[in-house]
Amino acid sequence: MILSIISQGFIWAILGLGIFMTFRILNFPDMTTEGSFPLGGAVAVTLITKGVNPFVATLIAVGAGCLAGMAAGLLYTKGKIPTLLSGILVMTSCHSIMLLIMGRANLGLLGTKQIQDVLPFESDLNQLFIGLIFVSLVIALMLFFLDTKLGQAYIATGDNPDMARSFGIHTGRMELMGLVLSNGVIALAGALIAQQEGYADVSRGIGVIVVGLASLIIGEVIFKSLSLAERLLAIVVGSIAYQFLVWAVIALGFNTSYLRLYSALILAVCLMIPTFKQTILKGAKLSK
């Protein structure tokens, strides 16, 4: 059970890392997440059922997520449609695209070879190592990219767009690139989750942005004053902690039909913790 929870935490952390690229670096919420996540799963599962190598299918799923991010980015940067609305438009479109790809609302992987089957260990260990390998790879690539001149320009765009433009940085291109890369990472998470669960479903993306944000926020609440590498690792810790919180809710006998409600409540509490801390500290100072 513990191995399963940790392996799920690793894979869901990839979703959190993708959301980090827009929510924290570019400072805007991207609703495309709820379309690119199940799209990655739909593409990967469909290709695997047609006999495509699971690694190749996963890579193509990442490409599909990048295209979804590009669509949202073009609507935002070229069409001048607000970020939130751009994401919603693409998210809605992805539903029909997934139906077109799978030919049905859901598709299973029964009798096929998934990415975790490549490893020779038991099922739980395979999933654990696959999650660890992929989350480590994503973190390494993000650190490498953000340390380049292009990555620094991307960070500068999120920090202060006006100043970035004054230095000759094309902020529109940076935002477009961020949405493409972010949704590629999110689609990777969707493809891996679909293979771990054994199916893809067009409704799988509903509420996943809450899960990703919960991983991100919990990590930030637990740790303070972190370097970039430490912040990315904190997202992984936050994702695993969130999975344990969800497991605890289920173990206490709560109705799993309301799991998204519990997820939203967990995220709301985590978001309010800094406010509670400030209130307590102010009260302590006043009492002195």
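This report walks through the cores, aromatic pairs, helices and a few individual residues of a predicted model.

## The main nonpolar core

Let's start in the middle. The largest nonpolar core holds 56 residues, and the members that touch the most others are Ile 14, Leu 15, Leu 17, Phe 37, Val 135, Tyr 154 and Leu 192. Two or more residues come from each of α1 (2-26), α5 (123-146), α6 (149-159), α8 (171-197), α9 (208-222), α10 (228-251) and α11 (259-287). The top contributor is α1, which supplies 12 residues to this core.

Leu 15 is a handy place to look around. Setting aside neighbours within four places in sequence, Leu 15 is in contact with Thr 33, Phe 37, Ile 186, Ala 189, Val 208, Val 211 and Gly 212. Of those partners, Phe 37 is also on the list of residues that touch the most other core members, while Val 208, Val 211 and Gly 212 are among the buried residues of α9.

## A second core

There is also a separate core, made of 22 residues. Its members include Leu 47, Met 98, Leu 107 and Leu 109.

## Aromatic pairs

The structure has three aromatic pairs. One of them joins Phe 28 and Tyr 76, with ring centres 5.7 Å apart and 55 degrees between the planes, which makes it tilted. This pair ties together distant parts of the chain: Phe 28 sits in the loop between α1 and α2 (33-49), Tyr 76 belongs to helix α3 (residues 54-77), and 48 residues separate them. Their surroundings differ in label: Phe 28 is buried at a relative accessible area of 8%, whereas Tyr 76 is partly exposed at 22%. The cut-off for buried is under 20%, so Tyr 76 misses that class.

Phe 145 and Tyr 154 make another pair, with centres 6.0 Å apart and planes at 50 degrees, so this one is tilted too. Here both rings belong to buried residues: Phe 145 has a relative accessible area of 15%, and Tyr 154 has 0%. Tyr 154 is a name we have met already, as one of the residues touching the most other members of the largest core.

## Glu 175, next to the first pair

Glu 175 is part of helix α8. For a relative accessibility of 14%, the label is buried. Beyond residues up to four places away in sequence, Glu 175 touches Leu 26, Phe 28, Tyr 76, Thr 77 and Thr 157. That list takes in both Phe 28 and Tyr 76, the two partners of the tilted pair with the 5.7 Å centre distance.

For a sense of scale along the chain, Glu 175 and Glu 197 are 22 residues apart in sequence, and their C-alpha atoms are 33 Å apart in space.

## Ser 7, close to the start of the chain

Ser 7 lies in helix α1 and is buried, with 0% relative accessibility. A polar atom of its side chain is 2.7 Å from the backbone oxygen of Ser 4. Leaving out residues up to four places away in sequence, Ser 7 touches Gln 127, Leu 128 and Gln 196.

## Helix α9 and the annotated spans

With 15 residues, α9 runs 21 Å from first to last C-alpha, close to the 21 Å expected at 1.5 Å a residue. Because 12 of its 15 residues are buried, α9 is largely enclosed by the rest of the structure. Among the buried ones are Ile 209, Leu 213, Ala 214, Ser 215 and Gly 219.

An unreviewed UniProt entry places the feature "transmembrane region" at residues 9-26, 55-76, 83-105, 125-146, 176-194, 206-223, 232-252 and 258-276. In the model, residues 83-105 are 87% helix and 0% strand, with the end C-alpha atoms 28 Å apart. Residues 232-252 come out at 95% helix and 0% strand, and there the ends are 31 Å apart, again between C-alpha atoms.

## Two positive phi angles

Which residues other than glycine have a positive phi? Asn 27 is one, with phi near 65 degrees. Asn 27 is in the loop between α1 and α2 and is partly exposed, at 49% relative accessibility.

Lys 80 is another, with phi near 60 degrees. Lys 80 is found in the loop between α3 and α4 (83-102), and at 66% relative accessibility it counts as exposed.

Definitions and conventions: Residues numbered from 1 in each chain as written. Predicted model: local features only at pLDDT ≥ 70, side-chain atom pairs only at ≥ 80, totals over all residues. Heavy atoms only, no water. Core = buried A, V, L, I, M, F, W, Y, C linked by side-chain atoms within 4.5 Å. Buried < 20%, exposed > 50% of the residue type's maximum accessible area, 1.4 Å probe, protein only. Helix = DSSP H or I, 4+ residues; strand = E, 2+ residues; numbered from the N terminus. Contact = heavy atoms within 4.5 Å. Phe/Tyr/Trp six-rings, centres within 6.5 Å; stacked < 30°, edge-to-face > 60°. UniProt positions renumbered as here; feature names shortened; annotations may be inferred. Polar contact = N/O pair within 3.5 Å; in protein donor to acceptor, adjacent residues only side chain to side chain. Expected span 1.5 Å × (residues − 1).
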